[in-house]
Amino acid sequence: MRTAYSVETVRAAERELMARLPEGALMGRAAAGLAVACGELLGRVYGTRVTLLVGSGDNGGDALYAGARLARRGAGVVAVLLSPERAHPGGLAALRAAGGRVSADAARDIAWADLVVDGIVGIGGRGGLRPQAAELLGAVRESALVVAVDLPSGVDADTGEVAGDAVRADATVTFGAYKPGLLIDPARGRAGALRLVDIGLTLPEDAEAEALQHADVADLLPRPAAESDKYRRGVVGVVAGSARYPGAAVLAVAGALRGGAGAVRYVGPAADAVLAKFPETLVHAGPPHKAGRVQSWVIGPGLGDESDALEDVLAAEVPVLVDADGLRFLTPQRVRDRAAATLLTPHAGEAAALLGSGREEVEAARLHAVRELAGRFGATVLLKGSTTLVADATGPVRVNSTGTGWLATAGSGDVLSGLTGSLLAAGLPARDAASVGAYLHGLAARRAAGPRGAPIVATEVADQLGAAWRDVLD
């Protein structure tokens with residue numbers, strides 16, 4: 001699992017470690033890891049051209065010491081000093097001693113580079129880049145590689161927010177721990193490939209954010225035992241679809257069936273469409289509480305203006321997932337009054353409506369939005385987007401980036417709702433069900449789109465869910 005820690009936590013761990021190490025040892029570890037990563041990205045070091053963008057903080061020092069190591073291996077290294085009087089003196093001396101030089105023509109030396117190292121601003125930076133730094137980045141050749149030191153300059157390390165111009169890196173070499181901004185959009189999209197350099201920090205068990213990997217998901221996936229039957233595996237109820245949107249019901253049921261549910265009970269006006277595609281579905285005219293025993297409910301996809309069914313489902317003593325149209329009728333108090341778990345799965349526009357804010361505000365501050373929703377409704381919240389975020393009242397925010405831009409297609413959220421509802425019915429806690437569902441959904445979309453990416457439709461995502469399970473378990 002990738003765990004991410006706040007700037008305050010990382011700095012406290014650095015102070016504790018520096019108190020036990022010789023002066024400069026910690027920066028030496030960081031610089032060594034940075035130099036190795038730069039060399040691997042270049043493929044060869046000797047004869048390459050490296051330009052360092054050096055600010056006044058420790059990130060600038062890391063860049064200078066790493067540049068000295070690359071210069072000793074035969075690279076031509078030049079440093080562009082954004083604040084010459086405040087550049088790290090030890091790092092600058094090391095660079096010069098290794099044969100590197102300080103730039104006299106920044107634009108020329110940046111355009112000259114095969115590799116540009118962003119050491120402008122450290123993890124404590126706030127706001128976008130200053131105009132001088134933003135202007136320099138315009139000189140970087142399209143073919144040059146850009147490596148960020150610890151995080152791309154101009155992004156917020158704690159939140160992933162980007163409040164102006166920021167570096168767009170091909171790779172980010174971060175030290176000691178991932179920072180939340182490296183995992184959460186919009187900053188995540190500027191970080192490129194991530195590499196973590198272990199510098200010996202001792203960090204607390206509780207992180208700010210975490211991202212599941214294959215092994216974590218495999219451990220959480222429910223698997224039937226020899227004595228399992230369809231009821232023990234979990235029965236999920238789906239209330240979805242309308243005369244206008246019957247396809248939403250079909251897609252939600254598809255996600256539930258292919259998500260491992262032992263059985264699916266469908267309640268709604270699209271029973272004929274559902275049975276035509278999935279004859280194994282158990283259908284009922286409603287209301288939901290008369291449909292039979294379920295271990296979870298999914299309600300909302302394509303529901304239209306039908307609110308009576310929502311109240312019926314919320315009264316059930318089982319976990320409930322509310323998506324799409326169902327979110328329009330929710331109030332925080334009604335959700336808080338429930339004894340069983342409630343999982344909300346909005347996209348940015350739906351989250352904005354629930355929060356009474358603008359969609360742009362949610363997209364710019366996704367971490368704040370998902371935490372605010374979870375706190376306000378007393379629920380687990382899965383905020384859909386380029387990186388899916390899952391938050392509840394306790395524990396780190398879960399981050400998932402297995403998806404693809406091709407997943408932004410009609411009906412894909414309906415598939416996710418059914419899939420996640422099946423995981424709830426199998427007994428996973430809401431936080432785990434949401435995290436595992438988002439992970440499998442993203443893998444299925446990648447499979448459907450293919451290695452080079454191609455347009456997909458929601459039914460193709462549902463069709464690939466079984467293969468996504470196998471990818472994780474293999």
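**Exercise 1.** In this predicted model, determine which residues of helix α4 (residues 89–97) are buried, and work out how they are placed around the axis.

*Solution.* The buried residues of α4 are G91, L92, A94 and L95. Around the axis they cover an arc of only 160 degrees, which puts them on the same side of α4. As background, an α-helix has 3.6 residues a turn, so residues three or four places apart point the same way. Turning to the face directed away from this buried side, one finds the exposed residues P89 and A97. The buried residues, for their part, pack against β2, α3, β3 and β4. Just after α4 comes G99, whose phi is positive, at about 100 degrees.

**Exercise 2.** Establish in what order the strands of the open sheet are arranged, and explain why β4 and β8 each have one side without a neighbour in the sheet.

*Solution.* The open sheet is formed by seven strands, which follow one another in the order β4-β3-β2-β5-β6-β7-β8, with parallel pairing. Because β4 (101–102) and β8 (193–197) stand at the edges, each with a single partner strand, one side of each is left without a neighbour in the sheet. Helix α3 (residues 58–72) packs on this sheet, where it touches β2 (49–54), β3 (76–81), β5 (115–119), β6 and β7, and the direction of α3 makes about 165 degrees with that of β2. For a detail of the pairing, take strand β6 (residues 145–149) and strand β7 (residues 171–175), which pair in the parallel sense over three bridges; the bridge partner of A148 in β7 is T172.

**Exercise 3.** Locate T48 relative to α2 and β2, decide whether T48 is buried or exposed, and describe its surroundings.

*Solution.* T48 lies in the loop between α2 (25–42) and β2. Its relative accessible area is 6%, and since buried means under 20%, T48 counts as buried. The side chain of T48 reaches the backbone oxygen of V45 at 2.6 Å. When neighbours within four places in sequence are left aside, T48 is in contact with L42, A75, G76 and D114.

**Exercise 4.** Assess how the radius of gyration of the protein chain relates to that of a compact globule.

*Solution.* For 474 residues, a compact globule would have a radius of gyration near 23 Å, and the 25 Å of the protein chain agrees with this. Along the principal axes, the C-alpha atoms fill a box of roughly 80 × 45 × 40 Å. Buried residues make up 54% of the 474 residues. Finally, among contacts between residues at least 6 apart in sequence, 67% join residues at least 24 apart.

Methods: Residues are numbered from 1 along each chain as its sequence is written. This is a predicted model: local features need pLDDT of at least 70, side-chain atom pairs count only at pLDDT 80 or more; totals for chains, interfaces and linings use all residues. Side-chain values use heavy atoms; hydrogens and water are left out. Two strands pair if DSSP finds at least two bridges between them. Helices (H or I, at least four residues) and strands (E, at least two) are DSSP runs, numbered from the N terminus. Contact means heavy atoms within 4.5 Å. Axes are lines fitted to C-alpha atoms, for helices over the stretch in contact, and angles run from 0 to 180 degrees between N-to-C directions. Buried means under 20% relative accessible area, exposed over 50%, partly exposed in between (1.4 Å probe, protein chains only). The arc is that of the directions from the helix axis to the C-beta atoms. A polar contact is a pair of N or O atoms within 3.5 Å; within protein, one must be able to donate a hydrogen and the other to accept it, and residues adjacent in sequence count only if both atoms are side-chain atoms. The radius of gyration is taken over C-alpha atoms; the globule rule is 2.2 Å times the number of residues to the power 0.38.
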